[in-house]
Amino acid sequence: MGTKYRGRFAPSPTGFLHLGNIWVALISYCAARQAGGTWLLRMEDIDTQRCREEWIAAITEDLCELGLHPDEVTARQQERTDRYREIMTDWRTAGVLYPCSCNRARLQQIASAPHPGETVSSYDGHCRLHPPSVCTRPLSWRYAGEDGIVRYVEHGETEEQVRALQRYRDDIVVQRGDGMYNYQFAVAVDDADMGITEVVRGNDLAASTPLQVRFIRALGAAVPSYFHVPLLIDRKGQRLSKRQRGITWREYRAAGKSAEQLVGDVLFYAGVNPQRAPRTVADAVAIPLCEWQLNRPSVQVEDAI
Ligand SMILES: [Zn+2]
């Protein structure tokens, strides 16, 4: 065995890098470095409506300024669409995809009784049971799953995670009628192809893990372990987002703060830098992650600079 650790940081380039992103980036970086492994950067720019070139350049530059240097060339989902198409073709040939002609109103109607925290899907299998015959608008493609369970390892848990997936309910759209690939699908393909051994990300994405694990298994790849870290929240309990002011690295920098002060702040919120002293990335790597207080649902940050 002895597979070498491969981790990744995978931001969506929809804004400047802020404290919430940097928190996840630094944890994933330290996890990779402490394991003597590789740290990769992937731009989740599949949503071309929301992602912009300028954000990709800015995130790359900002990570560099903070001292977080990826070990390999940055991956971009927009450059991987041939691969997604290839898998779509394989899966269609294998009969695990089916066309869906349900309109938005119908999907909203059946989604009105969600099961919070359980999964992110809620289809009723209509088009699997009644294949659309004539359709004037482009069809979306759904994954025809079966009832079953997926297993994966969650960081810090002694027991393996066992999650149920249901036929119909979890038949998620892999490709929309307008051609756009589903986020869960793209993430799973990317993690599989990049040989990721541990996924470090915010715990807001924990619920999507079973669906991604199913796709990774369907691709015949090794399932990574998952490390869902606490979300940073503001005083009102809202998750930090790009809409908030004063939390981006660029605003920090403009206010005369250094990268070491920002890293020091991240370590402060992780409970391993009580005096809030400036720290380097190397200092962060030197503190074993098991000492970081990451076993919490969220971490409240003080008001922005
Ligand atoms: Zn349908």
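**Entry 1: Val-162.** I began with the contacts of Val-162 in this predicted model, and, leaving aside residues up to four places away in sequence, I found that Val-162 touches Ile-149 and Arg-151. I then looked up where Val-162 sits, and its place is in strand β7, which covers residues 161-165. Is Val-162 buried or exposed? I noted 10 other C-beta atoms within 10 Å of Val-162, and because a residue with 12 or fewer counts as exposed, Val-162 is exposed. I also checked Val-162 against Leu-139, which is 23 residues away along the chain, and the C-alpha atoms of the two are separated by 33 Å.

**Entry 2: the whole protein.** I turned next to the overall layout and recorded ten helices and twelve strands. The radius of gyration is 20 Å, close to the 19 Å that the globule rule gives for 305 residues, so the protein is as compact as a globular protein of that length. Taken along the principal axes, the box filled by the C-alpha atoms is roughly 65 × 40 × 35 Å. I wrote down that 36% of the 305 residues are buried, and that, of the contacts with a separation of 6 or more, 77% join residues 24 or more positions apart.

**Entry 3: helix α9.** I then went to helix α9, residues 259-269, and found it mostly covered, with eight of its eleven residues buried. Among these buried residues are Leu-262, Val-263, Val-266 and Leu-267. Which elements do the buried residues of α9 pack against? I listed α1 (19-34), α2 (53-66), β11 (231-233), α8 (249-254), α10 (281-286) and β12 (298-300). Just after α9, I noticed that Gly-271 takes a positive phi of about 80 degrees.

**Entry 4: the nonpolar cores.** Val-266 of α9 came up again here, since I was looking at the largest nonpolar core, which has 46 residues and in which Ile-22, Trp-23, Leu-26 and Val-266 touch the most other members. Helix α1 gives the largest share of this core, eleven residues. Why does this core lie between the two domains? Domain 1 (6-73 + 230-300) and domain 2 (79-229) both give residues to the core, so it lies between them. Setting aside residues up to four places away in sequence, I found that Val-266 touches Ile-22, Trp-23 and Leu-26. Last, I recorded a second, separate core of 21 residues, which includes Val-173, Val-187, Ala-192 and Ile-216.

Technical notes: Residues numbered from 1 in each chain as written. Predicted model: local features only at pLDDT ≥ 70, side-chain atom pairs only at ≥ 80, totals over all residues. Helix = DSSP H or I, 4+ residues; strand = E, 2+ residues; numbered from the N terminus. Rg over C-alpha atoms; globule rule 2.2 N^0.38 Å. Buried ≥ 20, exposed ≤ 12 C-beta atoms within 10 Å, placed from the backbone. Contact = placed C-beta atoms within 7 Å. Core = buried A, V, L, I, M, F, W, Y, C linked by C-beta atoms within 7 Å. Domains from an automatic or database assignment.
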